[in-house]
Amino acid sequence: MRTHTTTDALATVRNLGILAHVDAGKTTVTERILYATGSTHKRGEVHDGTTVTDFDTQERDRGITIFAAAVSCAWDGHRVNLIDTPGHVDFADEVERSLRVLDGAVAVFDAVAGVEPQSESVWRQADRHGVPRIAFVNKMDRAGADLDAAVASIRERLHPAPLPVQLPIGAEDGFTGVVDLLHLRALTWDDDGTAAPPAPVPEELREEAARRRRLLEEAVAELHPGALEEFCDTGSLGAATLVAALRDLTRSGDAVVVLCGSAYRNRGIEPLLDAVLAYLPSPLDVPPVRGTDDDGDEQARSADPAAPLAALAFKVNATPTGRLTYLRLYSGTIEKGDTVWDATARRTERIGRVLRVQADRHAQVDRAVAGDIVAVVGLKSARAGSTLCAPDAPLLLEPPGVAEPVVSVAVEALRSTDTGRLASALARLAEEDPSLVVRTDRETGQTVLSGMGELHLEVAVEKIRRDHGLGVNVGRPRVSYRETVGRGVSGFVYRHVKQDGGAGQFAHVVLDVEPLDEPGSGFAFGSTVVGGRVPQEYVRAVEAGCRDALAEGPLGGHPVTGVRVTLTDGATHVKDSSDTAFRTAGRFGLREALRTCAMVLLEPVVEVTVTVPEDAVGGVLGDLAARRGRVTGSAARAGATVVTATVPLAELFGYATRLRSRTQGRGTFTTRPTGYAPAPAAAPAR
């Protein structure tokens, strides 16, 4: 039986992620949260390599977050399970897997830069998963920091209704605290980051605070019917009404609460934690998770510890002490020694231990219940995206999406005797990170490692060298091309007939092949067959065969995308037709049809945002033009110029070094994938 105390305890849980552009201060915010909640007794610093969540050697060497790290802490009687996510675009899949299991998020923005390219990308990822967010404008102590400008950029690029609930006290170096607009009080911090007792609003800010409070009330009344009723009756909104309305608006996604502070100087963290508890949802506040049972019927499971188990594995980590599988429990309970059903691999597994995670440290617990994020030891087959459920109540949850890799390198062991060890190390890497793909080139016999970018592959190779003690030779990076149909073909006939003495195979298909509207936009299949000339089960087999054929295109063996195939006619044999025959006909038929089409080679394209001193803009623009870049925008920001351009990914290899030399080390750039575009005729077919 479910107990009220156990269920009520779920209301005090918050599962949230920290999202942002690289260098906006995500990890510093996480460290200050751990310090404020008493989980650590010393403030970790990214530049010193002393952070809790950036515990990997490469993260500390590079000063960036690479791997999503989970930590737990307590604040005001609530347990906060927090995931610090990477900000670099190459590790967007880590963010995707984390967002899949989170109930809320804190989006961190730089007070000088506002919304940056990767900020926008992670925001859209959170939109897709329906994750409610609050915003924290960080680095208010920096020169050029401007809360109003940051809020304006959120409004213009991310959300129509950002609602600031604080007013900064002081600016730049003089930033000492904030005015809480809901309770009209001043919250300040000493030089060492110690919070002073709440005080009245400073005299010089009272008029501005009253004006902003009024604007906040009017904005909330416009968006929330309950608040509008009180506003019309009394002409204002009380603090309790504002908090309740902001909670509803945050959880529905109709508004975004905006706070500000300086994580590095430990200013603004306590109000941020209070906002997390006040506005972001608990596991009880989110809709029940939905999945499919063994019959293919959709089922919902609520966050009930007494319900059958339903959990999603979102991260796998091989450690020297064993294989850790990170789980989000949506319903049910797990304990040490339990037998669970892996609905993805279709096999039973046994839970060895249940661990509460603190980045690279773990504390064993007796059990975990719905709403928990924990790690377990003992699972052999579970991968990122696997569903674990009760053996007598199977349920398959939708796994996180995995992006297709866009950059590849050939790798080989320095010593031939280490070839087997390298294969094992690569297999383990792909197991931990589904966005890494390992394959063998059929023509050269080389082992090829593919990932989301140069940095992604550099980190993977370095992990092999450090963790496995292997010497590795790495080839030059190559982009992953695609092929698409430029001009299609109609009425292409293919007959598959096979007789070898036993049961024969017969399938006759007629295919129309045409391009989709957008290059690189996937695959669409349809059927216009009438009169039952091809039964429905054979139509599905033809579609499966066509999907098989898309793996290698006629130009150079690259995957085919952006194509629509329509089965217009066909014929069957009363004895020799089968699913296998029609799948074979679909595969070879589309393969032959593509050879008669006009095919186009596609290359990956990225949006590049370059921030450079004004005196270096000319050289940077010339260099981008030489790399086949198309400039799409330019803006001045705090003494620098921000140039946005669309550039083929293949032209960006080595760009970091080139940019540093052109700008005497003062230039920076970020990239964001934008899809595929036709490659020039001189591009390699393979």
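Strand β32 (residues 523-527) runs parallel to β33, and the two pair over five bridges. This is a predicted model, where local features need pLDDT of at least 70 and side-chain atom pairs count only at pLDDT 80 or more, while totals for chains, interfaces and linings use all residues. Residues are numbered from 1 along each chain as its sequence is written, and side-chain values use heavy atoms, with hydrogens and water left out.

**Around β33**

- Pairing here needs at least two DSSP bridges between two strands; strands are DSSP runs of E with at least two residues, helices are runs of H or I with at least four, and both are numbered from the N terminus.
- Ser527 has Leu567 in β33 as its bridge partner.
- Leu567 in β33 is also the bridge partner of Leu511.
- Strand β31 (residues 505-515) pairs with β33 (residues 563-571) too, this time in the antiparallel sense and over eight bridges.
- Throw in helix α13 (residues 536-549), and β32, α13 and β33 give you a left-handed β-α-β unit (right-handed would mean that, with the strands pointing away from the viewer, the path from the first strand over the helix to the second runs clockwise).

**A three-stranded sheet**

- Strands β7-β8-β9, in that order, build an open sheet with antiparallel pairing.
- Its edges are β7 (166-169) and β9 (185-188), each pairing on one side only.
- On average, neighbouring strands of this sheet are turned by 30 degrees against each other, direction ignored (axes are lines fitted to C-alpha atoms, and angles run from 0 to 180 degrees between N-to-C directions).
- β8 (residues 177-180) and β9 share four bridges, and Asp180 sits opposite Arg185 in β9.

**Rings**

- Searching the whole structure turns up five aromatic pairs (Phe, Tyr or six-membered Trp rings with centres within 6.5 Å; planes under 30 degrees apart are stacked, over 60 edge-to-face, the rest tilted).
- Tyr538 and Phe582 are stacked, because their ring centres are 4.7 Å apart and their planes are at 15 degrees.
- That pair ties together parts 44 residues apart in sequence, since Tyr538 lies in α13 and Phe582 in helix α14 (residues 579-596).
- Tyr538 is buried at 15% relative accessibility, and Phe582 is buried at 0% (buried is under 20% relative accessible area, exposed over 50%, partly exposed in between, with a 1.4 Å probe and protein chains only).
- Tyr655 and Phe669 meet edge-to-face, 5.0 Å centre to centre with 75 degrees between the planes.
- Tyr655, in helix α16 (residues 655-662), and Phe669, in strand β37 (residues 668-678), are 14 residues apart.
- Tyr655 is buried at 0%, whereas Phe669 is partly exposed at 27%.
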